[in-house]
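Visitor: Could you walk me through how this one packs together? I'd like to take it piece by piece.

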Amino acid sequence: SKIIADIHLAEAKASRLSFRDYDSTKVAFKYYEQKIFAKYKVDTAQYRKSYDFYAANPEYMIAIYDKAVKILEKKKEKKKLD
């Protein structure tokens with residue numbers, strides 16, 4: 001859930017960079033994604049395997065996303081208070 005939340009924040013951050021072409025935004029997102037993987041000590045293969053498992057088991061994926069939404073809501077509230 002923490003990784004998914006951070007991935008969504010990275011996607012938003014990359015999209016706000018206002019690059020003229022999609023490829024530059026994609027490169028920026030990949031940079032953020034690699035930092036996230038390093039933070040949680042996972043690699044792309046581990047993340048993909050885990051994501052594929054959850055995608056094949058929607059009831060688990062829903063639970064993961066519910067937790068991710070709560071994490072994002074807490075971060076948003078904290079940011080408002082800062």
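**Helix packing and the core**

Guide: Let me begin with a contact between two helices, bearing in mind that this is a predicted model. On the α1 side the residues are K2, I3, D6, I7, A10, E11, K13, A14 and S15, and they meet T25, A28, F29, Y32, E33, I36, F37, K39 and Y40 in α2.

Visitor: What's the split by class in the contact of α1 with α2?

Guide: That contact has 10 nonpolar residues, together with six charged and two polar ones.

Visitor: And at what angle do α1 and α2 pack?

Guide: The angle is about 155°, and the axes of α1 and α2 are 9 Å apart. Angles over 145 degrees count as roughly antiparallel, so α1 and α2 are roughly antiparallel to each other. As for handedness, α1 passes α2 in a right-handed crossing.

Visitor: OK, how does α1 sit against α4, then?

Guide: Helix α1, covering residues 2-15, packs with helix α4, covering residues 58-81, at an angle of about 60°, and their axes are 8 Å apart. These two helices are therefore oblique to each other, and their crossing is right-handed. From α1 the contact draws on K2, I4, A5, D6, H8 and L9, while α4 brings I64, Y65, A68, I71, L72 and K75.

Visitor: How many of those are charged?

Guide: Three residues of the contact of α1 with α4 are charged, alongside eight nonpolar and one polar.

Visitor: Switching to the largest nonpolar core: which residues touch the most other members?

Guide: Those are I3, I7 and Y47, in a core of 14 residues. The elements giving two or more residues to this core are α1, α2 (residues 22-40) and α4, and α1 gives the most, with six residues.

Visitor: What does I3 touch, leaving out residues up to four places away in sequence?

Guide: With those left out, I3 touches I36, F37, Y40, V42 and Y47. Of these partners, I36, F37 and Y40 also appear on the α2 side of its contact with α1, and Y47 is itself among the core residues that touch the most other members.

Visitor: One more thing, M61. Buried or exposed?

Guide: M61, which lies in helix α4, has a relative accessible area of 13%. Buried means under 20%, so M61 is buried.

Visitor: Which residues does M61 touch, again not counting those up to four places away?

Guide: M61 touches Y51, Y54 and A55 on that count. Taking Y51, the pair is 10 residues apart in sequence and 8.5 Å apart in space, C-alpha to C-alpha.

Note on methods: Residues numbered from 1 in each chain as written. Predicted model: local features only at pLDDT ≥ 70, side-chain atom pairs only at ≥ 80, totals over all residues. Heavy atoms only, no water. Axes fitted to C-alpha atoms, helices over the stretch in contact; angles between N-to-C directions. Helix = DSSP H or I, 4+ residues; strand = E, 2+ residues; numbered from the N terminus. Parallel < 35°, antiparallel > 145°, perpendicular 65-115°, else oblique. Left-handed = near helix turned anticlockwise from the far one by under 90°. Contact = heavy atoms within 4.5 Å. Nonpolar A, V, L, I, M, F, W, Y, C, P; charged D, E, K, R; others polar. Buried < 20%, exposed > 50% of the residue type's maximum accessible area, 1.4 Å probe, protein only. Core = buried A, V, L, I, M, F, W, Y, C linked by side-chain atoms within 4.5 Å.
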